[in-house]
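Reader: Could we go through this model together, starting with the enclosed spaces and moving on from there? I would like to take one topic at a time.

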Amino acid sequence: MDNSTFCVAPFVHQSTKTDGSIKACCRSLPEISNINNESLDQAWNNTEIKQLRLDLLNGVKNQRCNVCWKLENNGVISLRQKYNRMYQDRAKLVSESMHEDGTVDYKPVWIEFKMSNICNLKCRMCHPMDSTKWFDDYKKISHLHENHWQEYMIKLGLDKKAMLASYDNNFFNKLDNFLNDIEQLDFAGGEPLYDENHYKVLDSVLDKANNIKLSYATNMSMLGTKKYNVLDYWPKFKQVKVGISLDGPPKLNEYIRGDSSSIQIEENIIELLKYDNIFLSGKITVQALNIFYVPEALEWFRKMDLPNTDLHFVTWPNHLDARIWTGNAREDIKNKIEKYIQTLQDNTKNIKTVAQNILNFFNSEDLYNEDKWNKFIEWNKILDKSRNEDYNNFTFLRKYMND
């Protein structure tokens, strides 16, 4: 096993997307397969995943994992490294039980489902494939996307309808047996708590819930939909980790995550903190609009008793990447985060690590060019007009986006 490239995910994990893609993990590209071509069971040992397993064991940096290789090169903790820590007790076992061609004889013990694009929010860095609320606004900004992306949206039919429904009854009929040995289920979206398909999966494993861990990426704007409420389910499971996507402080969070309510989010967090098996963390998606306000966002997390924090980086579309800032704006961002890190004590180790990772990422490259900058400004002006919002309400954005 080459520890510089090994990742436990392809040996224990599958990830699905709203378009039916089957992936080695949520960040890995291109996909391994698609549910329209293969079942989850068939894809688990197909040619693509077997080659990926062999490469990662033998020191080959497979291109599917480029996101992690780039982060690690820039001194940022990657998903690969996080996964290896989470499943370090399984890493040696899974590699030793693999056949020479990369086949494994067991089923995945950990699956992430993104089963629908249904969502109640329209986050500024999102798109129709992950949010039904993006349908109208996408028509206004689609020209700012690459041609291949515009063509893919048309191929999926998202130019004519908002809903992307890839997972049918046939998929669910085959699912029960595939989940026999499941230990962990992750859910993202869309918004999983708003998605009835998510509750169908929970219903299918309720008989073994006390042996299963759940994990979520959610906007936490609700605790259920229609006849469903997560509090009818989550207390029955072994453990529930809830990553709450917050890109604030509150007013900025509501600006970025369109239609969200910070007050409702705080109320839902208070309710969930009552349960011993539910563990909450804040997740910040770092991008050009909020990089300057990272300290305020992380302090809001602490105020809501969310000291354990995780993060994602927007790298696509690249005109929303935080590293687009240059000149005096770049220096202001760098200095502010550096000073914030210096104020953090040892009892805030997790937040300090997150802040340092954000700074390392930001310092890794200056991505400014005139084309990206013009797209960044146009993107937000179009959305401001459509949503009756204004980036000028935020001091840093007003100062530098109007230069």
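**Cavities, pockets and contacts**

Author: Bearing in mind that this is a predicted model, the structure holds two cavities of 30 Å³ or more.

Reader: What is the volume of the largest cavity, and which residues are closest to its centre?

Author: The largest cavity has a volume of about 120 Å³, and 15 residues line it, of which Cys7, Cys25, Ser28, Cys65 and Cys68 are the closest to its centre.

Reader: Which helices each supply at least two residues of that lining?

Author: Helix H1 (9-12), helix H3 (47-57), H4 and H5 each supply at least two residues of the lining of the largest cavity. By class, that lining has eleven nonpolar residues, one polar residue and three charged residues.

Reader: And the second largest cavity, what lines that one?

Author: About 60 Å³ of space lies in the second largest cavity, and its lining is made by Arg27, Leu71, Val76, Ile77, Ser78, Leu79, Lys82, Leu311, His312 and Phe313. The elements that give two or more residues to this lining are H5 and strand E13 (309-313), and E13 gives the most, with three residues.

Reader: How do the residues of that lining divide by class?

Author: The lining of the second largest cavity divides into six nonpolar, two polar and two charged residues.

Reader: H4 and H5 came up together for the largest cavity, so to speak, and I'd like to know at what angle their axes cross.

Author: The axes of helix H4 (residues 66-73) and helix H5 (residues 79-86) come within 8 Å and cross at roughly 95°. Because angles of 65 to 115 degrees count as roughly perpendicular, that makes H4 roughly perpendicular to H5.

Reader: Which residues make the contact?

Author: On the H4 side the contact is made by Cys68, Trp69 and Glu72, and on the H5 side by Leu79, Arg80 and Gln81. Taken by class, the contact of H4 with H5 has three nonpolar residues, one polar residue and two charged residues. Two of these residues also appear in the cavity linings: Cys68 is one of the residues closest to the centre of the largest cavity, and Leu79 is among those that line the second largest cavity.

Reader: Switching to pockets, what is the volume of the second largest pocket, and which element gives the largest share of its lining?

Author: The second largest pocket has a volume of about 260 Å³. Of the 15 residues that line this pocket, the closest to its centre are Ser39, Leu40, Asn170, Phe171 and Lys174. Helix H2 (40-43) and helix H9 (169-178) are the elements that give two or more residues to the lining, and the largest share, six residues, comes from H9. The lining of the second largest pocket divides into five nonpolar, five polar and five charged residues.

Reader: Different topic: how many aromatic pairs are there?

Author: The count comes to 24 aromatic pairs, taking ring centres within 6.5 Å as the criterion. Among them, Tyr216 and Trp234 form a tilted pair, at 4.8 Å centre to centre and with 50° between the planes.

Reader: Where in the chain do those two sit?

Author: Tyr216 is in strand E7 (residues 213-218), whereas Trp234 is in the loop between strand E9 (228-229) and strand E10 (239-245), so that the pair links distant parts of the chain, 18 residues apart.

Reader: Staying with E7, what does Ser215 touch?

Author: Ser215, which is also found in strand E7, touches Gln184, Leu185, Asp186, Phe187 and Lys241, not counting residues up to four places away in sequence.

Notes
Residues numbered from 1 in each chain as written. Predicted model: local features only at pLDDT ≥ 70, side-chain atom pairs only at ≥ 80, totals over all residues. Heavy atoms only, no water. Axes fitted to C-alpha atoms, helices over the stretch in contact; angles between N-to-C directions. Helix = DSSP H or I, 4+ residues; strand = E, 2+ residues; numbered from the N terminus. Parallel < 35°, antiparallel > 145°, perpendicular 65-115°, else oblique. Contact = heavy atoms within 4.5 Å. Nonpolar A, V, L, I, M, F, W, Y, C, P; charged D, E, K, R; others polar. 1 Å grid on protein atoms, 1.4 Å probe; cavity = no way out; pocket = protein on both sides within 12 Å on 5 of 7 lines; lining within 4 Å. Points joined across faces, edges and corners; volume = space filled by probe spheres on them. Phe/Tyr/Trp six-rings, centres within 6.5 Å; stacked < 30°, edge-to-face > 60°.
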